[in-house]
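Biologist: Could you take me closely through the aromatic ring pairs of this model, and then place them among the neighbouring features that you consider worth a careful look?

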Amino acid sequence: MSLVNRRRRSRAVGLPALLAGALALALATTLAGGPATAAQQSTLHELAAAQGKYFGSATDNPELPDAAYAATLGSEFGQITPGNSMKWDTTEPARGQFNFAKGDVITDFAQQHGQIVRGHTLVWHSQLPGWVGALPSDQVETAMTDHITAEATHYRGAVAAWDVVNEMFNEDGTYRTSPFYTAMGKDYIATALRAAHAADPDAKLYLNDYNVEGLGAKSDAMYALAKELLADGVPLDGIGMQAHLAVQYGFPYRMQANMERFAALGLDVAVTELDVRMQLPADATKVASQSSYYAQVVDACLAVRRCVGITVWDYTDKYSWVPDTFPGEGAANLYDENLQPKPALASVRAALGAEDGGGDPGEPGEPGTLKALYRSSDSSATDNQIKPGLQLVNTGGTAVALSDVTVRYWFSSESGAATYRTWCDWSPLGCGTVTHRVAAAGTPAAGADHYLEVGFGSGSLAPGASTGEIQLRLNKTDWSNFDESDDYSHSTGTTYSDADRIAVYVGGELVWGVEP
Ligand code: G3I
């Protein structure tokens, strides 16, 4: 256990160096030629860095032994924030007894992965050890400045930006009561910023709060405070907008305009804790709203030069704080509990300018990038095989990585075996690159208790291009008959035509067709 304030010797990974590295990588990828495949796909941070921003994630010590989790954390994100390990209850549980061991694990991880660190947080009413609240009023200021001095000194060179004071306002814009406010009034904020600056003159110093993303009483209070602090010469570099959003409460009112007014004061802004929760269970409408909210946050940040970056409050539902705090709510993150990408991820990628078929920025889920054409190659609708013929056409303006694409053709299983064989009989792409399987529908509907799912191992579809005809075939393992006449995706046409009962997904997001 480390109980001392030791000066970090680790080299700082500065934002400019990090962005330059990502830009060089993007350029090298372009020069290597050819459209990006899944393996070459730019990371979230590379996409953001190409626009002069970082893209980061919160993390926490208990999560890091999860190797799959840590791999994505280390590769996809250019910035990390410790969710708990730099808070006061962890770093100074007893007065003068400092323990930076957990935070050091986070800064070491960041250094190993070329990431910048946002330090969170020096002064907060929550996760505050009991001894602070028990102090006589006249000792609180010294305790606070001692704490800031010790922690900001320890992490000098390893933390690029600090949330110096966290969550200082009530919803109506009045100051939140805390041991600090009670002892010092609102001046505790200026005092905290000055102490942090003295300890680490190179760190960017932020005030951070939730529900300050849009215009409103709370962000008005933050704006008035920021203006006053700057007028008084207090060291303040930026405003952190946590952005814990929920689809049931609507998107913050005029987020971009709100960011712009802080930028006009000469401040940076950062989205520091983004997630978008919903009441469970999730459904298509909530998922579409969530994707849209994520994209709108990215759009706002990209539109404001002083918005330096976006941090998601962890990237996976597996480690979200939401279900513990809001029972019945969740599914708030970009990846699901199995670390699989969700539609919101494709939406964020598209908003960041990825040319991988994620959809139009700001209009996630809008059909039109790909369309499916279908014909039945089957002379009998009541024999023991189903033979869909399929073509995909890129109707958008950018290339689509086929490895991001899946297609679903729904049918009813009738009686007989519940296991299937599937086949690709012909594809100009080569059947070796076409994947196919049958799965049971999660929610069986009329004529649609199973679906044939088709995917691609590699390849890219240029704007206007077609995959050409892909001849598919399936049978039950007992070779019993089907009756395709009432199957959801079936039709009797023998020439190719648009098929809106076949669904096409890019990055997991529905871009064509109507699900049963
Ligand atoms: O460490 C103990 C563990 O020993 C114990 O067994 C367990 C039992 O519940 O609790 C563990 O502590 C939990 C801690 O996270 C570490 O996992 C606390 O109960 C739990 O309350 C705490 O939640 C954190 C929360 O802040 C506390 O307010 C979340 O992880 C953290 O993501 C969250 O982050 C905050 C930001 O700091 C500020 N903005 C809002 C955001 C979400 O609430």
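Modeller: In this predicted model, the count of aromatic pairs comes to 21. A pair of aromatic rings is described by the distance of the centres and the angle of the planes. For Tyr69 and Tyr315 the ring centres are 4.9 Å apart and the planes stand at 5 degrees, and because planes under 30 degrees apart count as stacked, this pair is a stacked one. Tyr69 belongs to helix H3 (residues 67-76), whereas Tyr315 is found in the loop between strand E9 (307-312) and helix H13 (322-325), so the pair ties together parts that lie 246 residues apart in sequence. Tyr69 and Tyr315 are both buried.

The rings of Phe169 and Tyr175 also have their centres 4.9 Å apart, but their planes stand at 40 degrees, so this pair is tilted. Phe169 is buried, with a relative accessible area of 1%, and Tyr175, at 18% relative accessibility, counts as buried because the cut-off for that class is under 20%.

Returning to the stacked tyrosines, Tyr69 and Tyr315 are members of one aromatic cluster, which they form with Phe55, Phe77, Tyr319 and Tyr335.

Rings in this model also lie beneath charged groups. Lys218 lies over the face of Tyr210, at 3.7 Å from the ring centre, while the charged end of Arg277 sits over the ring of Phe326, 3.9 Å from the centre of that ring.

The surroundings of the ligand bring in a further aromatic residue. There are 14 residues around the ligand, and the closest are Asn84, Lys87, His120, Glu273 and Trp313. As for polar distances, a polar side-chain atom of Asn84 lies 2.9 Å from an oxygen atom of the ligand, and an N or O atom in the side chain of Lys87 is 2.6 Å from an oxygen atom of the ligand. With Gln242 the ligand atom is a nitrogen, which lies 3.0 Å from a polar side-chain atom of that residue.

Another aromatic residue, Trp162, leads to the parallel strands: it is in strand E4, where it stands opposite Gly119. Strand E4 (residues 161-166) has six of its six residues buried, so this strand is largely enclosed by the rest of the structure. Four bridges join strand E3 (residues 116-123) to E4, and these two strands run parallel; E4 is joined in turn to strand E5 (residues 204-209) by five bridges, again in a parallel arrangement. Within that second pairing, Ala161 has Lys204 in E5 as its bridge partner.

Antiparallel pairing appears in an open sheet of five strands, whose order is E16-E17-E14-E21-E22. The edges of this sheet are strand E16 (434-445) and strand E22 (509-512), each of which pairs on one side only, and the twist from one strand to the next averages 30 degrees. E16 and strand E17 (residues 448-456) pair in the antiparallel sense over eight bridges. Ala445, which lies in strand E16, has Ala448 in E17 as its bridge partner. With a relative accessible area of 28%, Ala445 is partly exposed, and its C-alpha atom is separated by 6.3 Å from that of Pro516, although Ala445 and Pro516 are 71 residues apart along the chain.

How values were computed
Residues are numbered from 1 along each chain as its sequence is written. This is a predicted model: local features need pLDDT of at least 70, side-chain atom pairs count only at pLDDT 80 or more; totals for chains, interfaces and linings use all residues. Side-chain values use heavy atoms; hydrogens and water are left out. Two strands pair if DSSP finds at least two bridges between them. Axes are lines fitted to C-alpha atoms, for helices over the stretch in contact, and angles run from 0 to 180 degrees between N-to-C directions. Rings of Phe, Tyr and Trp (its six-membered ring) pair if their centres lie within 6.5 Å; planes under 30 degrees apart count as stacked, over 60 as edge-to-face and the rest as tilted. Buried means under 20% relative accessible area, exposed over 50%, partly exposed in between (1.4 Å probe, protein chains only). A charge sits over a ring if NZ of Lys or CZ of Arg is within 6 Å of the ring centre and within 35 degrees of the ring normal. A residue is near a molecule or strand if one of its heavy atoms lies within 4 Å of it. A polar contact is a pair of N or O atoms within 3.5 Å; within protein, one must be able to donate a hydrogen and the other to accept it, and residues adjacent in sequence count only if both atoms are side-chain atoms.
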